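Trainee: I would like to learn how to read a structure of this kind, beginning with the ligand and moving outward. Could you take me through it step by step?

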Amino acid sequence: MLVSGATGLLGQGLLRLLRESGEHEEVRCLVRRTSLTSRLGELDTIYGDAGDAASMVRALRGVDAFVHIAGIQYTPQVLEAMRAAGVERLVMVSSTSAHSRFELRSAPRLTNEALLVGSGLRWTVVRPTMIYGSELDHNMHKLLRFLDRSPVFPLFGKGENLWQPVYYEDLARGLYAALTVPGTEGRIYDLPGARPLMYLHLVRTAAAALGKRVRIVHVPAEPVRRALLLTERLRVPLPVSSEQVLRLREDKAYPYDEAREELGYSPRGFEEGIALEVRRLREIGLVR
Ligand SMILES: NC(=O)c1ccc[n+]([C@@H]2O[C@H](COP(=O)([O-])OP(=O)(O)OC[C@H]3O[C@@H](n4cnc5c(N)ncnc54)[C@H](OP(=O)(O)O)[C@@H]3O)[C@@H](O)[C@H]2O)c1
């Protein structure tokens with residue numbers, strides 16, 4: 001099988017699983033010239049880029065399936081390469097952002113997922129929520145490092161919106177099941193964490209995992225959003241957009257009955273997952 005995104009957080013979770021089940025010898029990883037290939041150990045690697053179909057055609061030669069983790073935005077190139085290489089089985093990683101009411105978030109996922117329907121391939125899509133679990137994640141390790149250093153945490157709004165982050169190894173198990181369990185072709189699976197929790201509780205749980213109590217200072221979100229909107233109209237470039245502040249208030253909670261029933265998907269709760277991440281960050285000296 002060919003795997004893209006193997007050097008990233010989910011990719012590393014999948015590789016660990018494949019090593020444990022002794023199937024890593026069947027794996028070839030698509031890597032860029034800039035990729036940190038030391039993360040791949042002894043695995044077979046081939047240079048290419050998900051944005052370049054020709055390089056993926058070379059990488060796909062002789063494999064039976066493509067697990068494409070590196071980004072759903074590359075679907076047109078992936079489809080072109082798979083057709084040219086004659087590989088039929090594809091597992092694509094999308095995102096639960098496909099459910100967002102903000103079109104800017106959902107449209108790119110939905111448009112690319114739609115390309116798979118009628119592609120003639122045997123495809124399966126998995127949609128993770130926010131992924132966490134190590135220093136490679138995009139959000140939680142930064143939150144933990146902040147909480148480790150600051151006794152105060154500024155929080156936009158009341159923090160009552162729901163989140164359901166997924167621990168990367170649980171997600172990897174769901175992804176692997178999507179590839180291997182019979183009957184998953186043509187299916188789209190949401191793969192969130194075990195249960196939704198309010199952002200406020202998420203922050204408190206993360207602080208507790210560090211053995212800390214944090215004082216949360218609520219920053220009213222609406223005036224901030226309005227100020228951002230005004231500055232955007234004046235075309236002043238800012239690091240945060242008014243839409244991002246709105247999105248912070250969107251609930252990101254998803255049932256996963258289909259994944260549970262069809263993939264045997266059984267993710268752990270946030271309390272357990274974040275404790276594992278704290279242990280990992282302590283081991284490498286990122287938090288105290
Ligand atoms: N992170 C989240 O919270 C989240 C939430 C929902 C969905 N997702 C989706 O889940 C997938 C995995 O996320 P992740 O957090 O594990 O990703 P990640 O840690 O950011 O890693 C991204 C991986 O993709 C590779 N990659 C990126 N662009 C590439 C390209 N043009 N050609 C080849 N390889 C490329 C990177 O390789 P290099 O080593 O060369 O950089 C890296 O291995 C992504 O598709 C992401 O959109 C993520």
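Mentor: Gladly, and please keep in mind throughout that this is a predicted model. We can start from polar atoms beside the ligand: a polar side-chain atom of Tyr 74 lies 3.1 Å from a nitrogen atom of the ligand, and a polar side-chain atom of Asp 49 lies 2.8 Å from a nitrogen atom of the ligand. The backbone takes part as well, since a backbone N or O atom of Gly 8 is placed 3.1 Å from an oxygen atom of the ligand.

Trainee: How much of the ligand's area does the protein bury?

Mentor: One compares the ligand taken alone, which exposes 900 Å², with the ligand in place, where the protein buries 80% of that area. The surroundings comprise 22 residues, of which Thr 7, Leu 10, Ser 35, Ile 69 and His 138 come nearest. Sorted by class, this shell has eleven nonpolar, nine polar and two charged residues.

Trainee: Turning to the interior, which residues touch the most other members of the largest nonpolar core?

Mentor: The general idea is that, in soluble globular proteins, nonpolar side chains tend to be buried together. In this model the largest nonpolar core has 34 residues, and Leu 14 and Leu 175 touch the most other members. The elements giving two or more residues to this core are α1 (9–20), β2, β4, β5, α6 (168–180), β11 (187–191) and α10 (257–263), and α6 gives the most, with seven residues. Once neighbours within four places in sequence are left aside, Leu 14 is in contact with Val 3, Val 67, Ile 69, Ala 172, Leu 175 and Tyr 176. Apart from this core lies another, of 28 residues, among them Leu 197, Leu 202, Leu 286 and Val 287.

Trainee: Why is helix α2 described as largely enclosed by the rest of the structure?

Mentor: One counts the buried residues along the helix: six of the eight residues of α2 (residues 53–60) are buried, so the helix is largely enclosed by the rest of the structure. Those residues are Ala 53, Ser 55, Met 56, Val 57, Ala 59 and Leu 60, and they pack against β1 (2–4), β2 (28–31), β3 (44–47), β4 (65–68) and α3 (75–85). Just after α2, Gly 62 takes a positive phi of about 85°.

Trainee: And for single residues, is Ser 97 buried or exposed?

Mentor: Here the cut-off matters, because a residue counts as buried under 20% relative accessible area and as exposed over 50%. Ser 97, at 11% relative accessibility, therefore counts as buried, although Ser 97 lies in the loop between β5 (89–93) and α4 (103–116). Beyond its neighbours within four places in sequence, Ser 97 is in contact with Arg 105, Ser 106 and Arg 109. Val 166, in strand β10 (residues 166–167), counts as buried because its relative accessibility is 0%. With neighbours within four places in sequence left aside, the contacts of Val 166 include Pro 128, Ile 131, Leu 171, Leu 191 and Tyr 265.

Trainee: Which residue would serve as a contrasting, exposed case?

Mentor: Consider Arg 279, found in helix α11 (residues 270–283), which counts as exposed because its relative accessibility is 54%. Separation along the chain can also be set beside separation in space: the C-alpha atoms of Arg 279 and Leu 210, 69 residues apart along the chain, are separated by 9.0 Å, whereas those of Val 166 and Tyr 47, 119 residues apart along the chain, are separated by 30 Å.

Conventions
Residues are numbered from 1 along each chain as its sequence is written. This is a predicted model: local features need pLDDT of at least 70, side-chain atom pairs count only at pLDDT 80 or more; totals for chains, interfaces and linings use all residues. Side-chain values use heavy atoms; hydrogens and water are left out. A residue is near a molecule or strand if one of its heavy atoms lies within 4 Å of it. A polar contact is a pair of N or O atoms within 3.5 Å; within protein, one must be able to donate a hydrogen and the other to accept it, and residues adjacent in sequence count only if both atoms are side-chain atoms. Accessible areas come from the Shrake-Rupley method with a 1.4 Å probe; for residues, only the protein chains shown count as cover. Ala, Val, Leu, Ile, Met, Phe, Trp, Tyr, Cys and Pro count as nonpolar, Asp, Glu, Lys and Arg as charged, and the others, Gly among them, as polar. Helices (H or I, at least four residues) and strands (E, at least two) are DSSP runs, numbered from the N terminus. Buried means under 20% relative accessible area, exposed over 50%, partly exposed in between (1.4 Å probe, protein chains only). Contact means heavy atoms within 4.5 Å. A nonpolar core is a set of buried Ala, Val, Leu, Ile, Met, Phe, Trp, Tyr and Cys residues joined through side-chain atoms within 4.5 Å.
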